Amino acid sequence: MKMTDVLSKAETPVLSLEITPPDRGRSVDELFSAIEGLMDFTPKFISVTYHQPHTVYEEVDGIIRRRPKRKKPGTVGISAAIKNRYGVTTIPHLICGGFDRFETEDALIDLHYLGMKNILALRGDPAPGHTRFVAEKDGHRYASELVTQISAMNRGEYIDELDNAVSTDFCIGVAGYPEKHSEAPNLDKDLFFLKKKVDAGADFIITQMFFSFDSFRRFVEKARETGITVPIIPGIKPVTNRRQIEQIPRLFFATMPQELVQAVEGAKTASEAFNGGTRYMAKLFRQLLNFGVPGIHLFIQEKSDDSRALLSAVYGS
Ligand code: FAD
C-alpha cells in the first residue's frame, strides 16, 4: 500500500518505524525482536536505511588494491523479509551515493519486482571517512535528481528508450530538516531545494530528528508558505541516556533543548535518566499529535525498550 493512500484514509496519525540493517556478518534476529516488541502499537510502515560502502585499501601479493566495503548490507533483503514476516508495508531507502543512474535503474526494477510501493529517496551521507558527499560518475548529486529518475520510471520512461516499457508505481518520500540540512546556508535555501524535490515528484516528507516542537512548527509553516503541500511526517528518536545527549547533536546536527539535557544529565541514576528522557519525548510526541501531524516516524534501535517506553507513555501499554 502506498504511504499517501494510507495517510489519506487514516482517521488517526499513522505510526511508522525506521530501522537500520545489522553490521555485516551479524544476525538479523535482534532487529526482528526489536520490531516484535513494538508490533502491538500497529506500525503501518517500516522503513529500512541504506548505507553506501566506503573504500578500503589492502595489499595483495605486494599490490595495493582498492575495494568497496559495505558495513551494513541487506536493505532490500530486510525490507522483503519484514513484508513477508509481519505483513507490514516496508519503505526501502534508496540513496544517490555509490550508484550511477544505470545501477539506480536496476535497483528500481528489483524493488518494483518485489512489489515495493514506497521508496525514501535520499542523497545519502558522505561516504564513511569523508566530510563531503561525492557523486559517482553518471550518478546523482542531489536527491531531487533521484526523484526525477523515479518519477520518469513511474511514467514508463527508462534511461534508454524501450518499447512498451512497464511503468513502476512508486510513492516517493524525501527527507526534510526542521533545523535545516547541515550543508545549507539557511532554512529558506534548504526549503527552496526541498520544494524542488516535491516538484520533481516527491509525495511525502519525513523529517530528520528534532527535539523542540517549535522548530518543527516553524518548519511546517515555512514549508507551507514555500508552496509545499505534501504530508510532512515528523521523525522522532527516543533519548534516554547521556551518550545520546553527546552524540546526537554531532551526528545529526540536532539541537537539544536544555529541558531535555537536564532531564537526562541531571538524573542520579541511569533509570532516572531513562524515565526523564522518556517523559520529555512523550510530551513532544503529544504536542505533535495535537498539532495535527499525519503520522509519526520513530527511529528505533536494535533494542526497542526505549521506543516501547515512549509509545506506552503516549498511548498506554
Ligand atoms: P538533498 O535533498 O540532495 O540535499 C543535500 C544538500 O544539498 C542540502 O543542504 C540541500 O539544501 C542542498 N541541495 C539540494 N539540491 C541542491 C541543488 N540543486 N543545488 C545546490 N544545493 C542543493 N542517509 C543515508 O546514507 N542512508 C539512509 O538510509 C538515510 N536515511 C535518512 C532518513 C531520513 C528520514 C532522513 C531525514 C535522513 C536520512 N539520511 C540517510 C541522511 C541523508 O542522506 C543526509 O542528511 C544527506 O546529507 C542529505 O540527504 P538529502 O536526501 O536530504 O539530500
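Contact here means heavy atoms within 4.5 Å. I'm noting that first, since I lean on it for Leu 260 and a few others. I should also write down that this is a predicted model.

**Entry 1: Leu 260**

I looked up Leu 260 and found it in helix 9, which covers residues 258–265. What does Leu 260 touch, leaving out residues up to four places away in sequence? I got Phe 211, Val 239, Ile 245, Gly 277, Tyr 280 and Met 281. Then I checked one of these partners, Gly 277, by its backbone: the C-alpha atoms of Leu 260 and Gly 277 are separated by 6.4 Å, though the two residues sit 17 residues apart along the chain. Is Leu 260 buried or exposed? Its relative accessibility is 0%, so Leu 260 counts as buried.

**Entry 2: the ligand**

Next I went to the ligand and its shell. There are 24 residues around the ligand, and Tyr 50, Tyr 177, His 181, Asp 190 and Lys 197 come nearest. I sorted the shell by type and got eleven nonpolar, six polar and seven charged residues.

Which parts of the fold supply the shell with at least two residues each? They are strand 5 (89–95), strand 6 (118–122), helix 6 (187–199) and strand 8 (204–209). Helix 6 gives the most, with four residues.

I also wrote down some distances to polar atoms. A nitrogen atom of the ligand lies 2.7 Å from a backbone N or O atom of Tyr 50. For Asp 125, a polar backbone atom is 3.1 Å from an oxygen atom of the ligand. With Tyr 177 the side chain is involved: one of its N or O atoms is 2.7 Å from an oxygen atom of the ligand. As for cover, the ligand taken alone exposes 980 Å², and the protein buries 88% of that.

**Entry 3: strand 7 and its neighbour**

I moved on to strand 7, residues 171–176. Six of its six residues are buried, so strand 7 is largely enclosed by the rest of the structure. I remembered that side chains in a regular strand alternate between the two faces of the sheet. I therefore wanted each side listed separately, and a residue counts as buried under 20% relative accessible area. On one side I have Cys 171, Gly 173 and Ala 175, on the other Ile 172, Val 174 and Gly 176, and all are buried, so both faces are covered.

How do strand 6 and strand 7 pair, parallel or antiparallel? They run in the parallel sense, over three bridges. I picked out Leu 120, whose bridge partner in strand 7 is Gly 173.

**Entry 4: the loop after strand 6**

Two residues caught my eye in the loop between strand 6 and helix 5. One is His 140, and helix 5 here spans 143–154. The other is Asp 138.

His 140 has a relative accessible area of 8%, so I put it down as buried. Its side chain makes a polar contact of 2.6 Å with the side chain of Gln 149. Gln 149 is also on the list of residues His 140 touches, which includes Cys 96, Phe 99 and Leu 146.

Asp 138 comes out as partly exposed, at 38% relative accessibility. Its phi is near 65°, a positive value in a residue other than glycine. I flagged that because most residues other than glycine have a negative phi.

**Entry 5: another positive phi**

Asn 164 also has a positive phi, near 50°. I found Asn 164 in the loop between helix 5 and strand 7. At 78% relative accessibility, Asn 164 counts as exposed.

**Entry 6: a hairpin**

Strand 3 (residues 54–60) and strand 4 (residues 63–69) pair in the antiparallel sense over seven bridges. Thr 55 stands opposite Pro 68 in strand 4. The two strands form a hairpin with two residues between them. Asp 61 sits in the turn, with a positive phi of about 50°.

**Entry 7: Ser 304**

Last lookup: Ser 304, in the loop between strand 10 (295–299) and helix 11 (305–315). Its relative accessible area is 9%, so Ser 304 is buried. A polar atom of its side chain lies 2.9 Å from the backbone oxygen of Ala 34. Besides Ala 34, Ser 304 touches Gly 37 and Leu 38, not counting residues up to four places away in sequence.

Definitions and conventions. Residues numbered from 1 in each chain as written. Predicted model: local features only at pLDDT ≥ 70, side-chain atom pairs only at ≥ 80, totals over all residues. Heavy atoms only, no water. Near = heavy atom within 4 Å. Polar contact = N/O pair within 3.5 Å; in protein donor to acceptor, adjacent residues only side chain to side chain. Areas by Shrake-Rupley, 256 points an atom, 1.4 Å probe, with all protein chains shown as cover. Nonpolar A, V, L, I, M, F, W, Y, C, P; charged D, E, K, R; others polar. Buried < 20%, exposed > 50% of the residue type's maximum accessible area, 1.4 Å probe, protein only. Pairing = 2+ DSSP bridges.
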